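Biologist: Could you take a close look at one part of this model for me? I'd like to hear how the helices sit against each other, with the residues spelled out.

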Amino acid sequence: MGRKIAKLGTLSLLIALVPIAILAFAALILSIAFALKAGPGFGALFGIIILPFMLIIVLAIDCAALIMGIAGIFQKNGNKMAASSGIILSLVPITLLVTAYFNG
């Protein structure tokens, strides 16, 4: 029986979209907390525990999407445009996180 080979470029693009949704959810939580004038307890909980965990998850997902995108470019019958889009979408949050780390 022949096995169907997964298209790594398309998979990279789909995986690269997940961190954008996670970061949008974090921005929504922060805007709601700002609108409700949340106290220091929420800031400590979100800023010390939840936000760093979310950023580590985003970085891990983006690195996986980047690796799959690079492999998707070199795949024989892969979708090169989706792989390139996945690489670009995965590099943006990685670049922002690294910049914030070095400037913070």
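Modeller: Here is a walk through the helix packing, pair by pair, with a few residues picked out along the way. Bear in mind that this is a predicted model.

Let's start with helix α1, which runs over residues 8-35. The helix counts 28 residues, and from first C-alpha to last it spans 41 Å, close to the 40 Å expected at 1.5 Å a residue. Its buried residues are Gly-9, Ser-12, Ala-16, Pro-19, Ala-26 and Ala-33, and what they pack against is α2 and α3.

Now for the loop after it. Lys-37 follows α1 and sits in the loop between α1 and α2. Its phi is near 55°, which is a positive value in a residue other than glycine. Is Lys-37 buried or exposed? Its relative accessibility is 72%, so Lys-37 counts as exposed, the cut-off for that being over 50%.

Past the loop comes α2, so on to the pairs. In general, a packed pair is described by the angle between the two axes and the distance between them.

Take α1 with α2 to begin with. Their axes are 8 Å apart and the packing angle is about 165°. That angle makes the two helices roughly antiparallel, since the cut-off for that label is over 145 degrees. The crossing of α1 past α2 is left-handed. Sorted by class, the residues in this contact come out as 23 nonpolar, four polar and one charged.

Next, α2 (residues 40-74) with α3 (residues 80-103): these axes come within 8 Å and cross at roughly 150°. So α2 is roughly antiparallel to α3 as well. Here, too, α2 passes α3 in a left-handed crossing. On the α2 side, the contact uses Leu-55, Val-58, Leu-59, Asp-62, Cys-63, Ala-65, Leu-66, Gly-69, Ile-70, Gly-72 and Ile-73. On the α3 side you get Lys-80, Ala-83, Ser-84, Ile-87, Leu-89, Ser-90, Leu-91, Pro-93, Ile-94 and Leu-97. By class that is 15 nonpolar, four polar and two charged residues.

That leaves α1 with α3. The axes of this pair are 7 Å apart, with a packing angle of about 25°. The two helices are therefore roughly parallel to each other, as angles under 35 degrees get that label. Once more the crossing, α1 past α3, is left-handed. From α1 the contact takes Gly-9, Thr-10, Ser-12, Leu-13, Ala-16, Leu-17, Ile-20 and Leu-23. From α3 it takes Ala-82, Ala-83, Ser-85, Gly-86, Ile-87, Leu-89, Ser-90 and Pro-93. The class count here is 10 nonpolar and six polar, with no charged residues.

Now look at α3 by itself. It has 24 residues and reaches 34 Å between its first and last C-alpha atoms, close to the 34 Å expected at 1.5 Å a residue. Buried in α3 are Ala-82, Ala-83, Gly-86, Ile-87, Ser-90, Pro-93 and Ile-94, and their cover includes α1 and α2.

If you want one residue to zoom in on, try Ser-90, which is found in helix α3. Which residues does Ser-90 touch, leaving aside its neighbours within four places in sequence? They are Ala-16, Asp-62, Ala-65 and Leu-66. Of these, Ala-16 is among the α1 residues in the contact with α3, while Asp-62, Ala-65 and Leu-66 are among the α2 residues in the contact with α3. Ser-90 has a relative accessible area of 0%, so it counts as buried.

Two α1 residues round this off, and both give you a C-alpha distance to check. Leu-17, in helix α1, counts as partly exposed because its relative accessibility is 41%. Its C-alpha lies 9.1 Å from that of Asp-62, though the two are 45 residues apart in sequence. Ile-20, also placed in helix α1, counts as partly exposed too, with 39% relative accessibility. Between the C-alpha atoms of Ile-20 and Pro-93 there are 8.1 Å, for a gap of 73 residues along the chain. Ile-20 and Pro-93 are both listed in the contact of α1 with α3.

Terms used: Residues numbered from 1 in each chain as written. Predicted model: local features only at pLDDT ≥ 70, side-chain atom pairs only at ≥ 80, totals over all residues. Heavy atoms only, no water. Axes fitted to C-alpha atoms, helices over the stretch in contact; angles between N-to-C directions. Helix = DSSP H or I, 4+ residues; strand = E, 2+ residues; numbered from the N terminus. Parallel < 35°, antiparallel > 145°, perpendicular 65-115°, else oblique. Left-handed = near helix turned anticlockwise from the far one by under 90°. Contact = heavy atoms within 4.5 Å. Nonpolar A, V, L, I, M, F, W, Y, C, P; charged D, E, K, R; others polar. Expected span 1.5 Å × (residues − 1). Buried < 20%, exposed > 50% of the residue type's maximum accessible area, 1.4 Å probe, protein only.
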